[in-house]
Amino acid sequence: RFIAKPCAINLGIQDSGPHRAQPNAILEKVFTSITKSPDGKRLEGLSKQLDWDVRKIQRWFRHRRNQDKPTTLTKFCESMWRFTFYLSIFFYGIRFLWTAPWFWDTRQCWYNYPFQPLTTRLYYYYILELAFYWSLMFSQFTDIKRKDFLIMFVHHLATIGLITFSYMNNMVRVGTLVLCLHDASDFLLEAAKLANYAKYQRLCDAFFMLFGVVFIVTRLGIYPFWILNTTLFESWELIGPYPSWWLFNGLLVTLQILHIIWSYLIIRTASKALVRGKV
């Protein structure tokens with residue numbers, strides 16, 4: 001409200017929505033109660049009932065659908081908030097983990113487990129991340145609706161489950177590695193969105209391509225061969241299997257499946273961008 005909106009206005013992003021449909025009680029009732037995209041038969045019926053041309057009714061429904069879409073300024077503000085958080089928490093995580101022994105040797109995650117001290121910095125890192133993902137879980141129902149709503153819902157559930165579960169079982173060392181790895185690419189995607197909303201196309205393309213590279217390297221390379229390797233094999237070797245081991249690794253594997261789906265979407269978008277010349 002006080003930072004993102006003024007930035008958007010200075011970049012020339014207007015707070016104006018799409019053309020509003022003229023008020024009509026009958027069409028509004030159909031739109032809210034029955035369908036937002038009526039078929040030919042329903043259009044003919046409405047045409048006779050209102051004595052309107054079919055094309056005029058189609059145009060009304062198109063305007064009414066667009067009316068519910070958020071403005072570019074709203075989307076810019078949302079992305080700027082997420083960019084600020086992801087960037088800040090990523091650098092906080094890197095700064096914290098740089099001096100942590102388990103960052104350089106993942107086997108340290110399991111030495112003397114579960115009797116490992118919970119430091120103040122580690123506690124705040126965990127609680128900040130958990131609070132943010134809970135906010136995403138709740139705000140997903142009120143924020144801008146996107147096509148990947150269901151996948152994101154599963155992702156938030158898995159993430160909250162992992163953070164809470166690892167905290168309760170004192171698996172916070174490996175948990176910090178997972179969190180930092182995921183934050184490495186998220187701020188680049190939000191930066192690409194910001195550039196797109198501000199109509200800086202080359203900057204948007206550059207950020208998106210950089211995001212794609214970082215995402216695929218971290219989620220399809222480092223994550224399975226570094227994180228899953230220590231949770232599946234090193235933990236089994238050092239402390240043996242335990243009841244919660246199966247749930248913990250099940251959630252981590254669920255994230256890996258989501259990584260594969262998103263990587264496919266990113267590669268498909270990037271390939272289309274190379275053909276069209278822009279993202």
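Let me start with one residue, Glu190, which counts as buried because its relative accessibility is 5%, where the cut-off for that word is under 20%. Please keep in mind throughout that what we are looking at is a predicted model.

What does the side chain of Glu190 meet in a salt bridge? Its partner is Lys193, and the N to O distance between the two is 3.7 Å. Both residues belong to helix H9, and because they are three residues apart there, about one helical turn separates them. Lys193, in contrast to the buried Glu190, is partly exposed, with a relative accessibility of 21%.

That pair is one of four salt bridges that the structure holds, and I would like to go through two others. Glu78 and Arg82 form a salt bridge in which the closest N and O atoms are 4.0 Å apart, and here too the partners share a helix, since both lie in H5, four residues apart, about one turn of the helix. Are these two residues buried or exposed? Glu78 counts as buried, because its relative accessibility is 12%, and Arg82 counts as buried as well, at 14%.

The next salt bridge joins Arg107 to Glu237, with the closest N and O atoms 3.1 Å apart. This pair links distant parts of the chain, for Arg107 sits in the loop between H6 and H7 while Glu237 sits in helix H10, 130 residues away. Arg107 is partly exposed, at 23% relative accessibility, whereas Glu237, at 54%, counts as exposed, the cut-off for that word being over 50%.

Let me turn now to the nonpolar side chains, beginning with the interior. The largest nonpolar core has 53 residues, and the members that touch the most other members are Tyr86, Leu97, Trp102, Leu177, Tyr223, Phe248 and Leu252. Which elements give two or more residues to this core? They are helix H5 (72-97), helix H6 (101-104), helix H7 (120-139), helix H8 (149-168), helix H9 (172-197), helix H10 (201-238) and helix H11 (243-276). H9, the helix in which we met Glu190 and Lys193, supplies the largest share of the core, namely 11 residues.

There are also nonpolar side chains on the surface, where Tyr92, Leu118, Tyr123, Tyr124, Ile127, Tyr167 and Met168 make a nonpolar patch of about 660 Å². H7 and H8 each supply at least two residues of this patch, and H7 gives the most to it, with three. Leu118 is placed in the loop between H6 and H7, which is also where we found Arg107. With a relative accessible area of 38%, Leu118 is partly exposed, and this value meets the requirement for a patch residue, which is a relative accessible area of over 30%.

My last topic is charge on the surface. Which residues form the positive surface patch? The patch is formed by Arg55, Lys56, Arg59, Arg62, Arg65 and Lys69. To take one of them, Lys56 lies in helix H4, which covers residues 54-67, and because its relative accessibility is 32%, Lys56 counts as partly exposed.

To close, let me return to where we began: Glu190 is buried and is paired with Lys193, in the helix that gives the largest share of the nonpolar core.

Key. Residues numbered from 1 in each chain as written. Predicted model: local features only at pLDDT ≥ 70, side-chain atom pairs only at ≥ 80, totals over all residues. Heavy atoms only, no water. Patch = residues over 30% accessible without salt bridge, like charges linked within 9 Å, V, L, I, M, F, W, Y side chains within 5 Å. Areas by Shrake-Rupley, 256 points an atom, 1.4 Å probe, with all protein chains shown as cover. Lys, Arg positive; Asp, Glu negative; His and termini not counted. Charge placed at Lys NZ, Arg CZ, Asp CG, Glu CD. Buried < 20%, exposed > 50% of the residue type's maximum accessible area, 1.4 Å probe, protein only. Core = buried A, V, L, I, M, F, W, Y, C linked by side-chain atoms within 4.5 Å.
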